[in-house]
Amino acid sequence: MKVVFFGTPHFAVPTLQILLATPEVDVLAVVTQPDKRRSRGSQLDPSPVKSLALAHNLPIWQPERVKKDADTLAFLRQAQADLFVVVAYGQILSQEILDMPALGCVNVHASLLPQYRGAAPIQWSLYNGDAVTGVTTMQMEAGLDTGPMLLKAEVPIELLDNADRLARTLSTVGAELLLKTVVKLGRQQIQAVPQNDAESTYAPLIQKEDYVLDWSRSAIALHNQIRGFFPNCMAQFRGQDLKIIATAPVGDRYWDQLPPSFTVLEHNWPALYPGEGKPGEIVSIAKHIGPIIQTGDGFLLLQQVQLSGKRAQSGWDFANGMHLLAGEMLGNGNA
């Protein structure tokens, strides 16, 4: 099967790798986003997909706007591909492009469609505290993630998963699911199923205000926000911005969901438990573990933080280095 691959970030790399390793698949070329400059004056960086394509001597196309780029469109027409595979490419394909390959365009989407159509399905699934997510392969059409579904694979979400960790898992699952999809399409062994629009939800791009922490919210809601919008959620401490990178909700309702490394904290909890504090208050500091914060409902352990202008550090190093005291307050973040 002749395939043109469209993709850009690390999430797309395992799918391209598995296609390149499959003898029945001939990857004709890669279409990816233009190289990006890290900062003013620095060199241009290729996308992760481009780096892999270079290593395999594949033809690479990097149009600013794929729908308008005459050279790229001419190549895609002449390629006579059986299939276009699209994984987190970053541009919307025109109907003209969607109609080019004999078997159409197949997309790997990181949700169980029709849930979480849009740009940030992994982040919003974590933010909403879902217990299960997954990957869907679908036939692409002009609408945003509205095409008929081909195959699905479910993935459980653990309490301490964050957007980065979950994306790595889903990228591997998605690559395997895409290969199954391609094989079944080639053998005409798959039937597309239309999505039920009434069941759809939307996962928009993350905005600056989504990173703002409000300590009056519950511990689990804050934890889900922090891990969903990893690693950028913000609070205030002693008049400085404090990035909260990793947390864990702690207390009797969570011990059985936390890994064995939290057993020592569970055993010491009766001595650490101080009673109710104010939202944002450092109510206790667990030795060699980190500060425990009162929220609007429950307690949150700070596992990793980063003060403005400093490197990220563990919650315990932060408590030690800043000489934290029980009773100090964390403020809400600023938009």
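**Exercise 1. Strand β14 and its neighbours**

Task: Find the bridge partner of A246 in β14, then work out which strands pair with β14 and in which sense.

Solution:
1. This is a predicted model. In it, A246 has Q304 of β14 as its bridge partner.
2. β11 and β14 (residues 299–307) run antiparallel and are joined by eight bridges.
3. Next take β13 (residues 290–294). Three bridges join β13 to β14, again antiparallel. Here I292 stands opposite L301.
4. Then take β15 (residues 313–314). β14 and β15 pair over two bridges in the antiparallel sense. V305 faces Q313 across this pairing.

**Exercise 2. Two hairpin turns**

Task: Which glycine has a positive phi in the turn between β13 and β14, and which one in the hairpin of β14 and β15?

Solution:
1. Four residues lie between β13 and β14 in their hairpin. G298 sits in that turn, with a positive phi of about 100°.
2. Five residues separate β14 from β15. In this hairpin G309 takes a positive phi near 80°.

**Exercise 3. A loop glycine**

Task: Locate G239 and decide whether G239 is buried or exposed.

Solution:
1. G239 lies in the loop between β10 (233–237) and β11 (240–250).
2. The relative accessibility of G239 is 72%. The cut-off for exposed is over 50%. Therefore G239 counts as exposed.
3. For a sense of distance, compare L54. The C-alpha atoms of G239 and L54 are 47 Å apart, with the two positions 185 residues apart along the chain.

**Exercise 4. The open sheet**

Task: Write the strand order of the seven-stranded open sheet and explain why β5 and β9 each have a side without a neighbour.

Solution:
1. The order is β5-β2-β1-β6-β7-β8-β9, with mixed pairing.
2. β5 (60–61) and β9 (149–156) are the edge strands. Each has a single partner strand, so one side of each lacks a neighbour in the sheet.
3. At the β5 edge, β2 (residues 26–31) runs parallel to β5 and is joined to it by two bridges. V30 stands opposite I60 there.
4. Helix α3 (residues 70–79) packs on this sheet. The helix touches β1 (2–7), β2, β5 and β6 (83–87), and its direction makes about 150° with that of β1.

**Exercise 5. Aromatic pairs**

Task: Classify the ring pairs F6 and F84 and W269 and F299, and state whether these residues are buried or exposed.

Solution:
1. A pair of aromatic rings is described by the distance of the centres and the angle of the planes. The whole structure holds 10 aromatic pairs.
2. The F6 and F84 ring centres lie 5.3 Å apart, with planes at 50°, so this pair is tilted. F6 is in β1 and F84 in β6, 78 residues apart.
3. F6 is buried at 0% relative accessible area. F84 is buried at 1%.
4. W269 and F299 are 5.6 Å apart centre to centre, with 70° between the planes; this pair is edge-to-face. W269 belongs to helix α8 (residues 263–272), F299 to β14, 30 residues apart.
5. W269 is buried at 8%, and F299 is buried at 7%.
6. Ring pairs also link W124, Y127, Y211 and F229 into a cluster.

**Exercise 6. The nonpolar cores**

Task: Which members of the largest nonpolar core touch the most other members, and which helix gives the most to it?

Solution:
1. The core has 38 residues; F5, L19, V85, I122 and L170 touch the most other members.
2. Helix α6 (residues 163–186) gives the most, with nine residues.
3. Another core lies apart from this one. That core has 26 residues, including A120, W124, A203 and L324.

How values were computed:
Residues are numbered from 1 along each chain as its sequence is written. This is a predicted model: local features need pLDDT of at least 70, side-chain atom pairs count only at pLDDT 80 or more; totals for chains, interfaces and linings use all residues. Side-chain values use heavy atoms; hydrogens and water are left out. A nonpolar core is a set of buried Ala, Val, Leu, Ile, Met, Phe, Trp, Tyr and Cys residues joined through side-chain atoms within 4.5 Å. Buried means under 20% relative accessible area, exposed over 50%, partly exposed in between (1.4 Å probe, protein chains only). Two strands pair if DSSP finds at least two bridges between them. Contact means heavy atoms within 4.5 Å. Axes are lines fitted to C-alpha atoms, for helices over the stretch in contact, and angles run from 0 to 180 degrees between N-to-C directions. Rings of Phe, Tyr and Trp (its six-membered ring) pair if their centres lie within 6.5 Å; planes under 30 degrees apart count as stacked, over 60 as edge-to-face and the rest as tilted.
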